[in-house]
Amino acid sequence: MNKAMIGKETPKHYLDAVNKARDAFASRDPQTIEKLSGAEWNGELSSFIFKSIGQELQVHYPDGNVCFSGEDRIPALFWRISIVNYLGHASGIPLSNEFIPFRSLKSGMMYARNFKGMTEDRLVRKLSRQNFDEIRKAATALEGRVFDTKHFHAEFDVFPQFPMQIVLWPGDDEMEGSATVLFNSRADHYLPTEDSSYLGFVLSDILISQWQEMFNY
């Protein structure tokens, strides 16, 4: 577990977003959530338990409190909000084999500029001139599936039915690198686009932190 994963108590100005996510979550019965989201329901713990970016998470029902399984520590804020929204919105529709850029999501163009600046441009600044073998090892430590390419390309199970991919091309003194975060084309059936934008930042931040901590940067 790296430092980017660990969160603090919710700031007051995010309480409305948290409460809205919890209301949608609590409006569904546990069996429906389990069926549509792929998250395992544990009746004894009154919680859903599932893997996310290599970590086992526990979401208590119906209050929507999220922690790392078996711990008191909680995930980062945007991760927590997106987790609860995922459980409250998942439709159960089968995923496709197609991955698309953020701007192609429903209303994605509305958030595209911020998404590029906070997520994709940050990946370029932090990683595009680094050792890609190290970045691949960091992705593997997060249980990502690394593709056999000259550039960096990995897929991560962010939620049971919500895979995401990061593609990174190297930069040098003559040409700037580039990065793209990709979503399954059915992502809109599992999360509002605003939450998908949060997850882009969360995933990239966790990957960067994992690389930094593993290789002492």
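Let me begin with one residue, Gly108, which, once its neighbours within four places in sequence are set aside, is in contact with Phe102, Arg103 and Thr193. Please keep in mind throughout that what we have in front of us is a predicted model.

Gly108 belongs to helix 4, which covers residues 108-127. Is Gly108 buried or exposed? Its relative accessibility is 1%, and because buried means under 20%, Gly108 counts as buried. There is also a link across the sequence here, since Gly108 and Glu194 lie 86 residues apart along the chain, while their C-alpha atoms are separated by 8.3 Å.

Let me now step back to the whole chain. The chain holds six helices and nine strands, and its C-alpha atoms fill a box of roughly 55 × 35 × 35 Å along the principal axes. For 217 residues, a compact globule would be expected to have a radius of gyration near 17 Å, and the chain, at 17 Å, agrees with that. Of the 217 residues, 50% are buried, and when we take the contacts between residues at least 6 apart in sequence, 65% of them join residues at least 24 apart. The accessible surface comes to about 10900 Å², with 48% of it belonging to carbon and sulfur atoms. As for charge, the chain carries 23 positive and 29 negative charges, and the mean positions of the two sets are 4 Å apart.

I would like to turn next to the strands at the start of the numbering. Strand 1, residues 40-42, runs antiparallel to strand 2 and is joined to it by three bridges, one pairing being that of Asn42 with Ser47 in strand 2. Four residues lie between the strands in this hairpin, where Ser46 takes a positive phi near 50°. Strand 2 then continues the pattern on to strand 3, residues 55-60, with six bridges in an antiparallel arrangement, and here Lys51 has Glu56 of strand 3 as its bridge partner. In this second hairpin there are two residues between the strands, and Ile53 is the one that takes a positive phi near 50°. How much of strand 2 itself is buried? Five of its six residues, 47-52, are buried, so strand 2 is largely enclosed by the rest of the structure.

The other part I want to show is an open sheet of five strands, in the order 5-9-8-7-6, with antiparallel pairing. Strand 5 (99-101) and strand 6 (145-146) stand at the edges, and because each has a single partner strand, one side of each is left without a neighbour in the sheet.

Within that sheet, strand 9 deserves a closer look. Strand 9, residues 178-184, runs antiparallel to strand 8, residues 162-169, and six bridges join the two, including the pairing of Trp169 with Ser178. Strand 5 also pairs with strand 9 in the antiparallel sense, over three bridges. Which residue of strand 9 is the bridge partner of Ile100? That partner is Phe183, and Phe183 is likewise the bridge partner of Met164. Five of the seven residues of strand 9 are buried, so strand 9, too, is largely enclosed by the rest of the structure. As general background for reading such a sheet, side chains in a regular strand alternate between the two faces.

Conventions
Residues are numbered from 1 along each chain as its sequence is written. This is a predicted model: local features need pLDDT of at least 70, side-chain atom pairs count only at pLDDT 80 or more; totals for chains, interfaces and linings use all residues. Side-chain values use heavy atoms; hydrogens and water are left out. The radius of gyration is taken over C-alpha atoms; the globule rule is 2.2 Å times the number of residues to the power 0.38. Buried means under 20% relative accessible area, exposed over 50%, partly exposed in between (1.4 Å probe, protein chains only). Contact means heavy atoms within 4.5 Å. Accessible areas come from the Shrake-Rupley method with a 1.4 Å probe; for residues, only the protein chains shown count as cover. Lys and Arg count as positive and Asp and Glu as negative; His and the chain ends are not counted. The place of a charge is taken as NZ of Lys, CZ of Arg, CG of Asp or CD of Glu. Two strands pair if DSSP finds at least two bridges between them.
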